[in-house]
Amino acid sequence: MAHKESPTETFKRALAHAARSLAEQPDLEVVFSGDGPSLVGRRAVLPHPPRELSGPETTRIRGLADQMALRVAHHDDAVHARAKPKSLDGGQVYDALEQARSEAIGANALVGVKENLAAVWDQSVQRKGLNHLGDPAAAPMADIVALLVRERLTGAAPPAGAQALVDAFRGEIETKAGADLDRLT
């Protein structure tokens with residue numbers, strides 16, 4: 001008697017294969033756990049998928065897998081560490097820029113990846129409360145800069161919940177970035 005695989009198991013297997021393919025790493029270990037999401041070396045831990053596989057949570061989990069796979073494929077820890085600023089704020093912005101860069105590679109190559117990554121950003125904006133931030137001084141600059149860079153690299157506007165916050169800092173960040181680029185050239 002043949003064992004019929006459940007839809008959830010089929011989803012997990014397909015997602016693991018897709019992540020390995022996107023990462024260009026056939027040995028990428030993809031596991032599902034309540035401890036996810038996390039990426040340590042070549043081990044991606046994702047949250048368990050929901051019972052209903054057609055909702056936004058499923059798209060977000062695909063986005064997390066894509067995010068991790070793109071990091072494996074396009075990030076070099078040693079190179080990143082050599083240039084990372086020592087200050088906490090500078091380091092956070094630098095890390096966010098690197099994540100935006102690696103995600104843009106996949107988002108620009110594959111529309112489905114772009115949609116999956118957008119779902120991750122939507123959920124992140126909600127979870128961090130960026131759509132209800134009362135004090136602009138408490139704004140997470142790393143997220144704002146990452147959303148601006150994501151927009152520049154992929155053409156994807158910030159999630160609706162973060163649009164006003166990003167727009168509030170857009171002029172200041174773009175002016176500062178332009179001045180820094182002018183100094184480098």
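## Salt bridges

The structure holds 11 salt bridges. The model behind this count is predicted.

One of the bridges links Arg13 and Glu5. Their closest N and O atoms are 2.7 Å apart. Arg13 is partly exposed, at a relative accessible area of 41%. Glu5 is partly exposed too, with a value of 29%.

## A pair in helix α1

Glu9 forms a salt bridge with Lys12. Here the closest N and O atoms lie 3.7 Å apart. Both residues belong to helix α1, which covers residues 7-23. Glu9 and Lys12 are 3 residues apart, about one turn of the helix.

The two ends of this bridge fall into separate burial classes. Glu9 has 38% relative accessibility and counts as partly exposed. Lys12 has 16% and counts as buried, because the buried class takes in values under 20%.

## A pair in helix α4 and a network

Helix α4 spans residues 88-109 and holds both Glu98 and Arg101. These two residues form a salt bridge, with the closest N and O atoms 2.8 Å apart. Glu98 and Arg101 sit 3 residues apart in the helix, about one turn. In this bridge, the acidic partner Glu98 is buried, with a relative accessible area of 13%. Arg101 is partly exposed, at 33%.

Salt bridges can also share partners, and here they join five residues into one network: Glu151, Arg152, Asp167, Arg170 and Glu174.

## Strand pairing

Strand β3 covers residues 43-46 and pairs with strand β1, residues 29-32. The two strands run parallel and are joined by 4 bridges. Glu29 stands opposite Arg43 of β3.

Strand β3 also pairs with strand β2, residues 38-40. This pairing is antiparallel and runs over 3 bridges. Ser38 stands opposite Val45 of β3.

## The β2-β3 hairpin

Strands β2 and β3 form a hairpin. The two strands have 2 residues between them. Gly41 lies in the turn. Its phi is positive, at about 60 degrees.

## Recap

Strand β3 takes part in a parallel pairing with β1 and an antiparallel pairing with β2. Among the salt bridges, Glu9 with Lys12 lies in α1, and Glu98 with Arg101 lies in α4. Each of these two bridges has a buried partner: Lys12 in α1 and Glu98 in α4.

Technical notes: Residues are numbered from 1 along each chain as its sequence is written. This is a predicted model: local features need pLDDT of at least 70, side-chain atom pairs count only at pLDDT 80 or more; totals for chains, interfaces and linings use all residues. Side-chain values use heavy atoms; hydrogens and water are left out. A salt bridge is a side-chain nitrogen of Lys or Arg within 4 Å of a carboxyl oxygen of Asp or Glu. Buried means under 20% relative accessible area, exposed over 50%, partly exposed in between (1.4 Å probe, protein chains only). Two strands pair if DSSP finds at least two bridges between them.
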